[in-house]
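Reader: I would like a close look at one part of this model, the place where the two chains meet. Please follow it outward into the surrounding chain as far as is useful.

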There are 2 protein chains.
Amino acid sequence: MRKIIFFLTIFLCSTNVSSNLDLRKYFKVDPPPHEDVAKMARYIVHVSDWAGMATISTRQGILGSPFANIFSVSDGTKKKSTGVPYMYLTDLEMSVKDLKVDNRASITMSLAQTSFCKRHKYDPESPLCAHVVLTGNVEKVHTNSKEGRFAEKSLFTRHPEMPDWPKDHGWWFGKLNITEVCVLDYFGGAKYPTLKEYFKADPLI
Amino acid sequence: MRKIIFFLTIFLCSTNVSSNLDLRKYFKVDPPPHEDVAKMARYIVHVSDWAGMATISTRQGILGSPFANIFSVSDGTKKKSTGVPYMYLTDLEMSVKDLKVDNRASITMSLAQTSFCKRHKYDPESPLCAHVVLTGNVEKVHTNSKEGRFAEKSLFTRHPEMPDWPKDHGWWFGKLNITEVCVLDYFGGAKYPTLKEYFKADPLI
């Protein structure tokens with residue numbers, strides 16, 4: 001009960017903190033040309049501050065089933081995009097329990113999460129309302145490493161509530177170690193930029 | 001090539017069609033009290049016009065991995081919410097190819113998809129920015145059945161582009177036959193309303 005009250009207090013205190021406002025500047029910038037598939041993928045990943053994640057469930061009742069869930073993400077700071085989706089995870093979380101048994105995961109982010117598709121009146125499933133699917137496995141990023149410090153900065157600047165989340169939940173920084181990039185933009189079916197093309201592209205240039 | 005041009009023409013012609021505008025009236029209505037978990041689930045499902053869907057991949061390279069993807073959904077018309085997520089599917093689609101082998105799936109929808117969380121400055125992963133995860137299996141709904149006609153009406157009124165999608169893609173109406181409802185709203189961990197509670201609740205009352 002004390003834990004719930006503490007969690008509640010922390011959240012209620014932090015809800016007045018300005019959240020994600022800086023991202024508006026990205027949302028005002030339209031996506032790159034659809035032909036630049038790798039850049040489109042990087043753009044969507046960079047402007048999205050949350051993602052739908054699929055794991056293989058370990059829970060009684062739906063054991064072995066695919067399981068979808070929502071996570072806040074960040075691939076970098078305002079000035080630096082890496083293409084690597086970082087997350088702030090706790091072993092108490094359902095999908096993280098799945099990942100402890102099988103760390104394969106897939107995350108999806110869509111321009112439907114920005115104002116772009118609504119503004120252009122594109123249906124969320126239209127290929128003009130592009131989305132990206134990243135598949136791979138989730139790995140821990142060590143807090144005291146250079147990458148750990150960058151993950152922290154990337155997440156905490158875009159999700160200012162995070163530093164106040166309950167300390168006793170054992171939060172850790174995770175990243176999706178991407179093995180496949182799948183992009184649905186424009187017509188002609190899914191496109192698969194190579195990892196080299198994906199990481200070389202930069203949505204901020 | 002002809003197919004691409006046709007698809008392109010259809011989409012470009014239909015992008016001026018008013019899409020999802022009617023939903024604004026739902027978005028203006030705040031979610032039900034968090035204690036009413038089943039109603040919260042039904043509310044989120046009803047106001048969401050798209051979802052992230054998890055399947056088990058059948059594709060070379062990521063065979064057996066969880067795979068996340070985006071689909072337009074509708075659980076009913078403006079005046080009737082059923083709680084059943086209907087989708088307009090084609091066998092040509094990646095995730096549908098997965099479903100043909102293993103029809104288990106899970107879909108997630110979040111209040112982060114509406115203006116609610118931004119308006120209240122809730123982080124997308126905050127339990128105050130509620131989300132729902134429905135797990136089950138995807139089944140075909142026969143076009144000429146009563147349910148098929150309702151699925152068509154539900155989807156086509158919320159996604160006015162759909163009737164114009166290419167005829168040669170073999171679209172069919174599918175639904176998630178829900179076996180588990182998982183709700184993340186407020187604090188204290190995930191909640192699991194029974195199917196009876198879920199289907200009994202009505203977000204429009």
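Reader: How many residue pairs are in polar contact across the interface of chain B and chain A, counting pairs with both residues at pLDDT 80 or more?

Author: The model is predicted, and what follows is computed from it. Across the interface of chain B and chain A there are 17 residue pairs in polar contact, with both residues at pLDDT 80 or more. On the side of chain B that touches chain A, the elements giving two or more residues are α1 (2-14), β1 (50-56), β2, β5 (104-110), α5, β6 and β7 of chain B. Strand β2(B) makes the largest contribution to that side, with 7 residues.

The contact takes 63 residues from chain A and 64 residues from chain B. The size of an interface is often given as the accessible area lost when the parts come together. Here chain B and chain A bury about 5,100 Å² between them, and 66% of that area is on carbon and sulfur atoms. Of the area that chain B buries against chain A, B:P66, B:K121 and B:E125 supply 14%, which is more than any other three residues.

Charged pairs also cross the interface. Side chains of opposite charge can pair when their charged atoms come close. Between chain B and chain A the count is 2 salt bridges, while the search over all chains finds 12. B:E180 forms a salt bridge with A:R59, and the closest N and O atoms of this pair are 2.9 Å apart.

B:K121, named above for its share of the buried area, has a backbone feature to check. Its phi is positive, about 55°, although B:K121 is not a glycine. The residue sits in the loop between α5 (116-120) and β6 (131-141) of chain B. With a relative accessibility of 30%, B:K121 counts as partly exposed, because the range for that class runs from 20% to 50%. Chain A has a positive phi of its own at A:Y186, about 65°, and A:Y186 is not a glycine either. A:Y186 is placed in the loop between β7 (172-184) and α7 (195-200) of chain A, and its relative accessible area of 25% makes it partly exposed.

Several of the interface elements of chain B belong to a sheet. Its 7 strands form an open, antiparallel sheet in the order β2-β1-β5-β6-β7-β4-β3. The edge strands are β2 (66-72) and β3 (74-76) of chain B, each of which pairs on one side only. Direction ignored, neighbouring strands of the sheet are turned by 35° against each other on average. Within the sheet, β4 (residues 81-89) and β7 (residues 172-184) of chain B pair in the antiparallel sense over 4 bridges. In this pairing B:L89 stands opposite B:W172 of β7(B). Helix α6 (residues 146-158) of chain B lies across β2, β3, β4, β6 and β7 of chain B and runs at about 80° to β4(B).

Helix α5, which gives residues to the contact in chain B, also takes part in a salt bridge within that chain. The side chains of B:D30 and B:R119 meet at 3.6 Å, N to O. This pair links distant parts of the chain, since B:D30 is in the loop between α2 (24-28) and α3 (37-47) and B:R119 is in helix α5, 89 residues apart. Both ends are partly exposed: B:D30 at 37% relative accessibility, and B:R119 with a relative accessible area of 44%.

Chain A has a salt bridge between A:D30 and A:R119, at 3.6 Å from N to O. A:D30 lies in the loop between α2 (24-28) and α3 of chain A and A:R119 in helix α5 (residues 116-120), so the pair ties together parts that are 89 residues apart in sequence. A:D30 is partly exposed at 38% relative accessibility, and A:R119 is partly exposed at 43%.

Another salt bridge of chain A joins A:D185 to A:K191, with the closest N and O atoms 3.3 Å apart. Here the two partners fall in separate classes of accessibility: A:D185 counts as buried at 1%, whereas A:K191 is partly exposed at 21%.

Helix α3 (residues 37-47) of chain A is largely enclosed by the rest of the structure, because 10 of its 11 residues are buried. Among them are A:V37, A:M40, A:R42, A:Y43 and A:H46.

Notes: Residues numbered from 1 in each chain as written. Chains lettered and ligands numbered in written order. Predicted model: local features only at pLDDT ≥ 70, side-chain atom pairs only at ≥ 80, totals over all residues. Heavy atoms only, no water. Buried < 20%, exposed > 50% of the residue type's maximum accessible area, 1.4 Å probe, protein only. Salt bridge = Lys/Arg side-chain N within 4 Å of Asp/Glu carboxyl O. Pairing = 2+ DSSP bridges. Axes fitted to C-alpha atoms, helices over the stretch in contact; angles between N-to-C directions. Contact = heavy atoms within 4.5 Å. Buried area = accessible area lost by both parts, 1.4 Å probe. Polar contact = N/O pair within 3.5 Å; in protein donor to acceptor, adjacent residues only side chain to side chain.
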